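Reader: I would love a close look at one part of this protein: the region around its largest nonpolar core. Could you walk me through what builds it and how the pieces sit together?

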Amino acid sequence: MIERRIGPGHYGHGPLIVIALFLLALAEPAFGAKSTLPAQDAVLTPEPASPTPALHAATAEPDPQRRRRRRVRRRRVSAVAPVPAFTSPRSVTALASDIDVMLGGGARDGRWGVLVVSLTRGDTLFSRGENEMLQPASTFKLMTSVLALDRFGPDYQLSTDVFRDGPLAPDGTVQGNLYLRGAGDPGFSNRFLRGEPSAPVDLLAQFIAGAGVKYVSGDLVADASAFESRKIPEGWRSRYLGLSYAAPVSALSLNENTVWVVIEPGENGGPPKVRLDPSSSSLTVTSSVKVVKGSRGARLSVRRLGENTINARGWIGSRAGPRRYELVVDEPALFTTGALRDALAEQGVNVAGVIRLGTTPGNAQRVTGLSSPPLSRLIAVMNRESVNHYAELLFRNASRGTDSSAGSAEAGNAMLRRFASERLGVDSADVYAADGSGLSVLDRVTPRAMVHLLDYAHKASWGSAFHASLPVAGESELLRRRMRSTPAQGNLHAKTGTTNNIISLAGYVTALDGEVLAFAFIYNGNDRWRAKETIDQMGATLANFVRE
């Protein structure tokens, strides 16, 4: 028997409906599977069965509730009409009215800031709370992108260099120290190079050996002086720390300042192998891991003991595959330099001294270096995948003074506020940056400042690189599952922003008549899932807008 639940006010006819459906079921055994109701109106679900004690499942009496279980078709009935996925406004007035309805039918609480402007015609199509100072989450990376592109240009490259402060003897000995100086290259990893996470230091080690260096009589010095010494920005919550998206910030970084601890059983019943990937002599690994013969499983625990020691314990089966655990490193500069020391040893180049922090002398001689990909490619990774590490390093790079003063979040904030006033034409108080990624709970921006930024970038000489860095609705990266099968798919391109109480989207979309629209949608509140649906509705509606 199939029961059709059709909502309040109709239950008085229930018996007649049940009898009618029972007769239909006899005539068509597969009636439930062939329902002609639209998918959103008909949902087939079994009634829940009463629980049966697990220990007696094989011998217990059949559950009478189980015998009565049937597939039930329910019609979903809303108290209010659902907000459509998108609309087809044919005037500015209609567009504004539709967006008003969407905002009213979406998130139940919280604060909205919305601004939509036609970059083609220069008029405002919709605004609400456009002057509200709101937390932007990762849409703040758009600010970092524009600062970096405007200062350096899309083809700019950062260089991680090696120097020596003593002569290179004929026998290949550096009579002094070797310095590894970072310039804040966020791509110093295997993201752009073939090979393991150690790929950039492996390549540098080959270059150093190729320059004739065979032995270093002094120390290997880590120079991260391009940035301030503070590694954790103000406003990063303590619960973020230790997670890869909140790794410490340093001008000398490797593998986005994370390391893999790899544990695998030894060969022929031997002791387990515990190693770091990339290997770095700045870290010590201790292990009490045991091998369990014949097992394919593992029960392992990996943790940090202090700043420089990693401990692994538990067991791994002799037939198990490698287990990998990712940890954040506390001292990125020393970690990177320790990885270079290990890579040099692989090339037969030994360092007599220790690894330490320091500053490259002004009269030091450059040995070699490794350049980053062009800035446009770094920004594409940052925006498409929303990588905080990239944003923090590029933000500090953009803030570095022409007098080679260290880059810092404080200097970046001052630079951004001047930029807002002098280039964007908004009040400097419309933006506040405690970091460059939007992870800080102290970051603030108005939708007006965000749209003025988008307008500026659209008209800039490097605008094409900026546009290309953004995910595309329904097709790529963080927007690939959003606004599919709507007019926004393949059209709208924007930066996302998401935390527990923030959902935001800012970017561009082309209307049906070819108008280029810039928009900023920022929601701060506790109903972000509904707010996300509303944002996607608004985005698709903008793509379907035309003036008639």
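Author: Happy to. To set the scene, the secondary structure of the protein comes to 12 helices and 25 strands. Please keep in mind that this is a predicted model. Of the 548 residues of the protein, 49% count as buried. Among contacts with a separation of 6 or more, 70% join residues that are 24 or more positions apart.

Let us start with the sheet. Five strands form an open sheet in the order S5-S4-S25-S24-S23, with antiparallel pairing. Its edges are strand S5 (124–128) and strand S23 (493–499), each of which pairs on one side only. Neighbouring strands here are turned by 5 degrees against each other on average, direction ignored.

Within that order, strand S24 (residues 502–510) and strand S25 (residues 516–524) pair in the antiparallel sense over 9 bridges. If you would like a place to look, find Ser504, whose bridge partner in S25 is Ile522. Towards the other edge, S4 and S5 run antiparallel and are joined by 4 bridges. There, Val117 stands opposite Thr124 in S5. The hairpin of S4 and S5 has 5 residues between the strands, and Gly122 in this hairpin takes a positive phi near 85 degrees.

Now add a helix to the picture. Helix H10 (residues 447–459) lies across strand S4 (111–118), S24 and S25, and it runs at about 150 degrees to S25.

That brings us to the core itself. In soluble globular proteins, nonpolar side chains tend to be buried together. The largest nonpolar core here has 50 residues, and of these Phe466 and Tyr508 touch the most other members. At least two residues of this core come from each of S4, helix H4 (141–152), helix H7 (375–385), helix H8 (388–399), helix H9 (409–424), H10, S24 and S25. The largest share, 7 residues, comes from H10, the helix that lies across S4, S24 and S25. Apart from this core lies another, of 49 residues, among them Val216, Leu283, Leu327 and Phe335.

Phe466 and Tyr508 deserve a closer look. Both Phe466 and Tyr508 are buried. Leaving out residues up to four places away in sequence, Phe466 touches Leu142, Ser145, Val146, Leu149, Leu454, Ala457 and Tyr508.

The rings tell a related story. The protein has 8 aromatic pairs. In one of them, Tyr456 and Trp462 are tilted, at 6.3 Å centre to centre and with 55 degrees between the planes. Trp462 counts as buried because its relative accessibility is 5%, under the 20% cut-off. In another pair, Phe466 and Tyr508 meet edge-to-face, at 6.4 Å centre to centre and with 90 degrees between the planes. This pair links distant parts of the chain, since Phe466 is in helix H11 (residues 463–468) and Tyr508 is in strand S24, 42 residues apart. Phe419, Tyr456, Trp462, Phe466 and Tyr508 form one aromatic cluster.

Helix H4 offers one more viewpoint, through a polar residue. Thr144 lies in helix H4. With 0% relative accessibility, Thr144 counts as buried. Not counting residues up to four places away in sequence, Thr144 touches Met382, Ala391, Leu394, Phe395 and Gly436. Ser145, for its part, is one of the residues that Phe466 touches.

To recap the route through this region: begin at the open sheet S5-S4-S25-S24-S23, move to H10 lying across S4, S24 and S25, and finish at Phe466 and Tyr508, which touch the most other members of the core.

Methods. Residues are numbered from 1 along each chain as its sequence is written. This is a predicted model: local features need pLDDT of at least 70, side-chain atom pairs count only at pLDDT 80 or more; totals for chains, interfaces and linings use all residues. Side-chain values use heavy atoms; hydrogens and water are left out. Two strands pair if DSSP finds at least two bridges between them. Axes are lines fitted to C-alpha atoms, for helices over the stretch in contact, and angles run from 0 to 180 degrees between N-to-C directions. Contact means heavy atoms within 4.5 Å. Rings of Phe, Tyr and Trp (its six-membered ring) pair if their centres lie within 6.5 Å; planes under 30 degrees apart count as stacked, over 60 as edge-to-face and the rest as tilted. Buried means under 20% relative accessible area, exposed over 50%, partly exposed in between (1.4 Å probe, protein chains only). A nonpolar core is a set of buried Ala, Val, Leu, Ile, Met, Phe, Trp, Tyr and Cys residues joined through side-chain atoms within 4.5 Å.
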